[in-house]
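Work through the exercises below with the structure open beside you. Try each task before you read its solution.

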Amino acid sequence: MRELIRPLSSLTAEDAPFVGGKAANLGALIRLEHRVPEGFVITLEGFRQHFPADLDGHKPTRPVMQVESIRAVQEALEAQFGENRPALAVRSSAIGEDGMAASFAGQHATYYYIDEATLPAAIVDCWMSLWSGPALAYRTEHDVTTPFGMAVIVQRMVQASRSGVCFSQTPVAACTFATNGSALIEATWGLGAALVDGRVTPDQFWVDDGELLHSRIARKRFKVAENLTYPTSERLQPVPAHQQAIACLTSSEAVDIASNALCIEQHFGCPQDIEWAYEDDALYLLQTRPITNQLAAPLVPTDGRWVLFKPIVENFHEPLSPMTVDLVERVLPNVGKFINGRYYLDIDVLAKAVPFEFEIEQLADLALFRFDGLDAKLDWRRLLPIIGIMLVGYLGVGSFWHRTSHVTSKALAKFTERVDIVRNNASVDALAALKSLLLGHHPWQPVGHYMLQVNVSAGRYFTLIGILKALLQRFAPDFDISRIGELCRSEHDTFSQEMVDDLQALAGTAGQYVAVKDAILTREPAALATAISDFESQHPFVTELQEFINRYGHRCVNEMDLNTPRWREDATPIIAMLRSYLAADGTAADAHGLHLSARDALHQQVASHAKRKLLDYLIGRTSYYIALRENSRHYYVMAFDVVRHKLKLMEQEFIYEGRLKCADDIFFLHWIEAVQLANQQLDWLDIEDRIRQRRQAWQAAARQRPPETINVPIERGEGPDALSGFCASPGYAEGIARVVLDPTLSTDLEPGDILIAPDTDPGWTPLFPTAGAVVVGIGSFLSHAGTVAREYGIPCLVDVEGCTEKILSGQRVRVYATEGFVEVVDR
């Protein structure tokens with residue numbers, strides 16, 4: 001009979017059929033003299049003693065661990081640890097797990113904080129996880145034919161202050177700019193379970209040839225605690241505010257992990273996926289396995305043809321959470337769908353709504369707001385039905401369309417009254433609140449009740465700009481068309497501009513008080529909120545900060561995603577942005593002067609008074625709708641704030657009653673599941689796996705740049721040192737690139753730096769006055785980035801695919817916005 005228990009230090013590769021791949025690999029790490037937590041493995045013999053029959057996919061009755069096996073485990077504990085028994089980790093090591101063909105990553109159970117009393121039950125639970133729903137589905141999906149059987153690893157639990165994974169070679173789907181052979185490290189605070197389950201977005205570090213190439217620091221809001229006072233305490237805990245935005249690793253630590261990974265890869269002869277943890281300053285390796293396809297790009301549909309809907313996607317670089325997708329789909333028209341958390345239009349439906357003969361690639365460019373070079377013939381057969389549909393639609397919403405053409409600020413502000421009523425009405429649930437605030441009841445109610453529709457109606461400036469461009473080419477062919485942004489600069493007040501003005505005033509107040517100014521300029525941004533709380537509530541800066549939050553507290557970055565905390569919940573982003581203003585010289589381009597200059601230049605080229613009047617009218621109308629689009633957004637995102645508020649109230653109740661375990665899990669449910677939880681038709685055991693799988697799928701989608709089209713080929717070319725894009729605000733600038741993925745984490749944007757961003761929404765606006773130019777991965781002339789850049793008179797290049805990956809912080813770049821490309825000067 002085979003041995004029941006083996007020390008990890010005694011295992012070799014030949015033992016894998018008897019102890020599983022994970023345990024055998026740990027034995028190899030120990031033989032390579034890497035630091036591995038002490039422990040032993042209960043071999044396949046123990047499994048067979050408790051499951052003697054031949055087993056298949058049918059879940060057996062849960063056994064009770066045999067007395068003889070318990071005694072053998074107790075003896076192994078005594079031999080391994082003596083009288084001072086540490087907290088234990090109990091981990092699966094199934095036959096076929098962590099192999100080349102299939103990793104079974106995250107499919108089987110792992111248990112932390114186990115003591116001697118709870119160890120037998122944890123071992124049996126590990127065995128039983130062979131028949132969990134996800135594990136069985138994984139076997140079917142990957143056509144796994146290895147027999148059912150599992151060894152169980154028992155180790156000292158590392159009290160990990162930091163942990164994560166290291167890929168000895170960057171998986172292809174993880175990043176497009178990493179060099180061949182570079183290692184990718186993902187890191188978070190506490191134990192790695194929060195990362196594996198998708199509960200945090202980790203820091204990322206790329207290392208090659210002993211050098212840190214690049215890093216991305218995330219806001220890590222939660223962690224699995226490294227040392228619980230009581231084993232029954234809640235494992236997922238909030239990370240202190242001052243620590244959330246701090247890098248988990250130093251450069252030398254990242255290089256050390258990568259060096260270990262390279263050594264392990266050379267031993268096994270193939271790229272490795274390695275789990276690691278730091279206990280104090282000691283690096284432990286927890287497992288290694290061949291890199292499989294767990295970081296492969298999420299599946300996209302093979303049927304239909306789809307094009308990214310920029311008005312939604314250009315405002316956030318991460319996918320929307322499942323709850324957001326489910327609720328928003330209920331209020332959107334049926335012209336597209338969400339794919340991996342991003343919204344795509346059905347291009348075949350779009351083709352029927354356009355009265356021109358476009359090639360499908362041209363239509364995709366049109367949908368992506370790339371108007372240059374498009375040439376198409378009018379299709380009269382399509383035109384007449386489209387006109388008929390428009391006339392019918394006009395009968396229903398025509399009066400509303402007219403009312404929004406001269407709406408006042410006072411009328412818009414009435415939306416806040418609706419918001420307050422819905423927020424304070426406990427009988428209105430999250431879905432009803434979203435429908436009430438975004439859809440309303442009928443089009444003859446006050447305009448201020450329909451802010452989303454006002455925002456949509458303001459989109460008519462897309463058409464007006466097209467008409468204006470055509471007339472400029474006809475009436476003033478020598479006019480510099482790149483100055484159209486200056487011509488159409490809004491003379492109306494916008495909340496985006498007012499928010500910047502208020503932040504600048506707040507920075508001015510902070511600058512008057514040495515203690516406040518020093519705290520902002522010298523302390524970590526995430527720690528500033530704690531520092532500010534030390535001031536008296538009547539301190540002028542605190543009072544002004546509270547007034548700012550009262551007005552803009554419903555805003556945030558990625559504000560359409562219900563999973564994103566608003567500024568009123570976490571003021572850290574506001575305080576962090578003040579640093580840029582205190583460091584800046586306070587000067588900005590005279591946007592109004594540029595507008596007057598562009599208008600005078602146009603008038604000099606148009607001799608006809610009638611033509612000038614027509615152009616001035618179009619410019620005025622365009623400027624009005626630009627302001628209306630920005631201002632209506634300020635209001636309609638209040639609806640998302642209210643819906644988030646109501647969902648968080650539901651979540652608090654669910655957590656109190658044990659139907660949910662962790663904060664923000666509700667955003668990885670669908671609405672019907674939340675309702676079923678409320679009605680006690682579901683409980684935690686029913687949804688635990690769903691939440692974990694959706695979090696992991698969200699993390700996989702977040703790693704990817706969303707394709708602009710699906711099943712529609714579009715070619716875009718560029719040189720090795722130049723990236724092409726589209727001009728949203730003309731001009732030229734040269735400076736140091738600062739890649740910013742989250743403006744609330746940016747503390748190093750210096751005046752004149754070139755802001756490189758994946759996308760922007762109003763939460764990014766405070767960074768624009770500091771930047772010398774803006775380069776954005778997703779966007780258009782009509783996007784938020786272009787609109788705000790024109791307001792400040794700074795060059796802006798949009799739709800620069802992969803700019804946050806192909807340009808690194810610290811490189812010197814030249815932005816030729818007018819010509820449509822950005823060039824890396826030095827690498």
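**Exercise 1: A sheet and its helices**

In this predicted model, G39 stands opposite Q155 in β5.

Task: Find which strand pairs with β5 over four bridges, and give the sense of the pairing.

Solution.
- Step 1. Start from strand β5, residues 150-156.
- Step 2. Its partner over four bridges is strand β2, residues 39-42.
- Step 3. The sense of this pairing is antiparallel.

Task: State which helices pack on β2, β3 and β5, and how they run relative to β3.

Solution.
- Step 1. Helix α4, residues 119-128, packs on the sheet. It touches β2, β3, β4 and β5.
- Step 2. The direction of α4 makes about 25° with that of β3.
- Step 3. Helix α1, residues 16-31, lies across β2, β3 (88-94) and β5. It runs at about 125° to β3.

Task: Write down the strand order of this sheet. Then explain why β1 and β4 each have one side without a neighbour in the sheet.

Solution.
- Step 1. The sheet is open and has five strands, in the order β1-β2-β5-β3-β4. The pairing is antiparallel.
- Step 2. β1 (5-7) and β4 (110-114) stand at the edges. Each has a single partner strand, so one side of each lacks a neighbour in the sheet.
- Step 3. Add the twist: neighbouring strands are turned by 20° against each other on average, direction ignored.

**Exercise 2: One side of a helix**

Task: List the buried residues of helix α27 (residues 671-678). Then say why they lie on the same side of α27.

Solution.
- Step 1. The buried residues are W671, E673, A674 and L677.
- Step 2. Around the axis they cover an arc of only 160°, so they sit on the same side of α27.
- Step 3. Recall the general rule: an α-helix has 3.6 residues a turn, so residues three or four places apart point the same way.
- Step 4. Look for the packing partners. The buried residues of α27 pack against α10 (322-329), α16 (430-438), α26 (609-656) and α28 (684-702).
- Step 5. Move past the helix. Q680 follows α27, and its phi is positive, near 60°.

**Exercise 3: Aromatic pairs**

Task: How many aromatic pairs are there? Describe the one formed by F51 and W127.

Solution.
- Step 1. The count comes to 15 aromatic pairs.
- Step 2. F51 and W127 form an edge-to-face pair, with 6.0 Å centre to centre and 90° between the planes.
- Step 3. This pair links distant parts of the chain, 76 residues apart. F51 is in the loop between α2 (44-50) and α3 (67-81), and W127 is in helix α4.
- Step 4. Both F51 and W127 are buried.
- Step 5. One aromatic cluster is formed by F47, F51, W127 and W131.

Task: Classify the pair F548 and Y552. Are F548 and Y552 buried or exposed?

Solution.
- Step 1. The rings are 4.7 Å apart, centre to centre, with 45° between the planes. The pair is tilted.
- Step 2. F548 and Y552 are four residues apart in helix α23 (residues 540-552), so about one helical turn separates them.
- Step 3. Buried means under 20% relative accessible area. F548 has 4% relative accessibility, so F548 counts as buried.
- Step 4. Y552 has a relative accessible area of 1%, so Y552 is buried.

**Exercise 4: The whole chain**

Task: How many helices and strands are there in the protein chain, and what share of its residues is buried?

Solution.
- Step 1. The protein chain has 30 helices and 27 strands.
- Step 2. Of its 827 residues, 55% are buried.

Terms used:
Residues numbered from 1 in each chain as written. Predicted model: local features only at pLDDT ≥ 70, side-chain atom pairs only at ≥ 80, totals over all residues. Heavy atoms only, no water. Helix = DSSP H or I, 4+ residues; strand = E, 2+ residues; numbered from the N terminus. Buried < 20%, exposed > 50% of the residue type's maximum accessible area, 1.4 Å probe, protein only. Pairing = 2+ DSSP bridges. Axes fitted to C-alpha atoms, helices over the stretch in contact; angles between N-to-C directions. Contact = heavy atoms within 4.5 Å. Arc of directions from axis to C-beta. Phe/Tyr/Trp six-rings, centres within 6.5 Å; stacked < 30°, edge-to-face > 60°.
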